[in-house]
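Here's a walk through one protein model, with an eye on its sheets, its voids and a charged contact. Have the structure open while you read.

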Amino acid sequence: MSVRPEGTAPVVNSYTEWDPLEEVVVGSLVGGVFPTWQESMAPTLPHDSVRIFREQGGTPLPAEHAAAAEEELSQFAAAMEARGIKVVRPDFADQTKRFGTPEWESGGNSSGMPRDLLIVVGDTIVETPMSWRCRKHEVDAFRGLIKSYFRRGGGWLAAPQPELTQALFDGDFDEETETGYAITEFEPVFDAADFMRFGDDLVVQRSHVTNEFGIEWMRRALGSRFRVHQVPVNDPHAMHIDATMVPLAPGKLLVNPDRYVPHPLFRDWEILEAPKPALGPDWPMYFCSPWLSMNVLSLDEKTVVVERQERPLLDALTDWGFTCVPVDFRHVYSFGGSFHCATLDVRRRGRGGTYLSV
C-alpha cells in the first residue's frame, strides 16, 4: 500500500497488537471539551454522563482532573522513551471551535484517544469515518503526523467522510430491552477501536459507532492481503472492542468475562478472563466503564503496560508469564480510554502472518 525506496526500513509497520513496539503516538487532552450531545451517544455512556453531556457539551473538561490526566499521559510517554521507544504527540487543536454542515452544528472533543480514529494496518495508516459529530475534525490534530509519515513512504488511506445526518441516527436501539443499535446503515461509519489486529487478520465488532456498511468498506479497502472477521459480543452498550478482548501475544487472549463470546477463531488460544476492575465506584467516569482496566498495551510478547493500581490484573498477568510495567493512568480513564485507546502504534517489528484458526 505504501511506496518507499528499496532496501529502506518501513516508517509505518504494524500488523499485530504484540510485536515489539518501536514508535508510538501518545494522545493529549490539552484543550479537550465535553462532546456536544447527540442521541446516538446514549446507549454507550454511563447513566450520569447523559445529563452532563446534554448540559455541558462543548465546555472544557474539569480543569484539575484533566491536568492530572495530561500529566499521566506525559509520564507514560516518558516511560516509553526510557525503554527506547520513539514517542510522538499530536498538535494542539482548539476543541471549543464550532463547526458543522447545513444539517447540523457541533463542538469538538479531544486529542486524547488516537486509537479511536486511526488504525495502522501493515504499512498503512487508515483514517476512519466516525459517527459522533463532535469527532469529525478530531483527526486534524494528527494530520501533520500522518502527512509526515506519508512523505517518508508510509501508506495513507482515508475512508469516505460521512454526512452524519439524522438518517444515520434513526437506529433500532430499544432502551428497555437493550437490543438493536443506535446507528443505521445509511452510510459507512466505524471507529478504529472496534478492530483488533492479528497479523493478516483483523477482528471487528458491530457496535453503536460501527455499522455493517463500515465493516464492509474496510474489508474491500484493505484488499485480498487482509481478512476481516466480524465476531459477536455480549455487550448491549458496545463501543470499542478493546475492553472486550485484547490479544497480548500469539495464542494469548485477555477477555472481559461479561462480554466475550467464545469463537472458533480462538479455539487454539489460551483465554484469560480479566479480574474485576479495582477502580472504586466514586471515581468519575464520563465516557465509559471501569473495564478500561483491561485496556492494556503490549510492548512485546512478554511485556505489558498496566495501570499501577489494578493489582488484581497485575497479579493475573504476572502469573500468566508477563512482565508488567505499572503506570498511573486513572485520571485518563475518566476521559474515555486507557493505554491502548490513548496510543497509535505506528511501528512494530513484524511482518504479519496467520495466528487465528481461519
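## Sheets, voids and a salt bridge

Strands β5 and β6 (residues 124-127) run antiparallel to each other and are joined over four bridges. Keep in mind that this is a predicted model. Within that pairing, Leu 118 has Glu 127 of β6 as its bridge partner. Zoom out a little and the two strands belong to an open sheet of three strands, ordered β5-β6-β7, where the pairing is mixed. Because β5 and β7 (155-158) stand at the edges with a single partner strand each, one side of each has no neighbour in the sheet. As for twist, neighbouring strands here are turned against each other by 25 degrees on average, direction ignored. A helix joins in too: α4 packs on the sheet and touches β5, β6 and β7, with its direction at about 135 degrees to that of β7.

That helix also leads us to the voids. How many cavities of 30 Å³ or more does the structure hold? There are two cavities at that cut-off. The largest cavity contains about 50 Å³ of space, and its lining is made up of Val 25, Pro 114, Leu 118, Ile 125, Phe 142, Leu 145, Ile 146, Tyr 149 and Leu 344. Helix α4 (residues 143-151) is the top contributor to this lining, with three residues. What classes of residue do we get around the largest cavity? The split is nine nonpolar, no polar and no charged.

The second largest cavity has about 40 Å³ of space. Glu 17, Arg 115, Leu 118, Ile 119, Ala 192, Phe 195, Arg 197 and His 340 make up its lining. Two elements, β5 (118-121) and β8 (195-198), each give two or more residues to that lining. Leu 118 is a handy landmark, since it appears in the lining of the largest cavity and in that of the second largest cavity. The class split for the second largest cavity is four nonpolar, one polar and three charged residues.

Now for the open spaces. The largest pocket has a volume of about 710 Å³. Its lining counts 41 residues, and those nearest the centre are Thr 44, Pro 46, Phe 287, Cys 288 and Ser 289. Helix α1 (residues 47-56) supplies the largest share of this lining, three residues. The second largest pocket comes in at about 320 Å³. Around it you'll find Ala 42, Pro 43, Leu 45, Pro 46, His 47, Val 50, Arg 54, Phe 173, Glu 175, Glu 178 and His 237. Pro 46 is worth clicking on: it is among the residues nearest the centre of the largest pocket and also lines the second largest pocket.

Here are the lining classes of the voids together:

| Void | Nonpolar | Polar | Charged |
|---|---|---|---|
| Largest cavity | nine residues | no residues | no residues |
| Second largest cavity | four residues | one residue | three residues |
| Largest pocket | 26 residues | nine residues | six residues |
| Second largest pocket | six residues | two residues | three residues |

Next, the other sheet. Strands β14, β15 and β16 form an open sheet in that order, again with mixed pairing. At its edges sit β14 (297-298) and β16 (323-327), each pairing on one side only. Strand β15 (residues 303-307) pairs with β16 in the parallel sense, over five bridges, and Val 304 stands opposite Cys 324 of β16. Helix α7 (residues 311-319) packs on this sheet, touching β15 and β16, and its direction makes about 165 degrees with that of β15.

Last stop, the charges. Side chains of opposite charge can pair when their charged atoms come close. The count for this model is 27 salt bridges. One of them links Asp 200 and Arg 225, whose closest N and O atoms are 2.8 Å apart. Why does this pair tie together separate parts of the chain? Asp 200 lies in the loop between β8 and β9 (201-204), while Arg 225 lies in the loop between α6 (212-222) and β10 (227-230), so the pair connects parts that are 25 residues apart in sequence.

Terms used: Residues numbered from 1 in each chain as written. Predicted model: local features only at pLDDT ≥ 70, side-chain atom pairs only at ≥ 80, totals over all residues. Heavy atoms only, no water. 1 Å grid on protein atoms, 1.4 Å probe; cavity = no way out; pocket = protein on both sides within 12 Å on 5 of 7 lines; lining within 4 Å. Points joined across faces, edges and corners; volume = space filled by probe spheres on them. Nonpolar A, V, L, I, M, F, W, Y, C, P; charged D, E, K, R; others polar. Pairing = 2+ DSSP bridges. Axes fitted to C-alpha atoms, helices over the stretch in contact; angles between N-to-C directions. Contact = heavy atoms within 4.5 Å. Salt bridge = Lys/Arg side-chain N within 4 Å of Asp/Glu carboxyl O.
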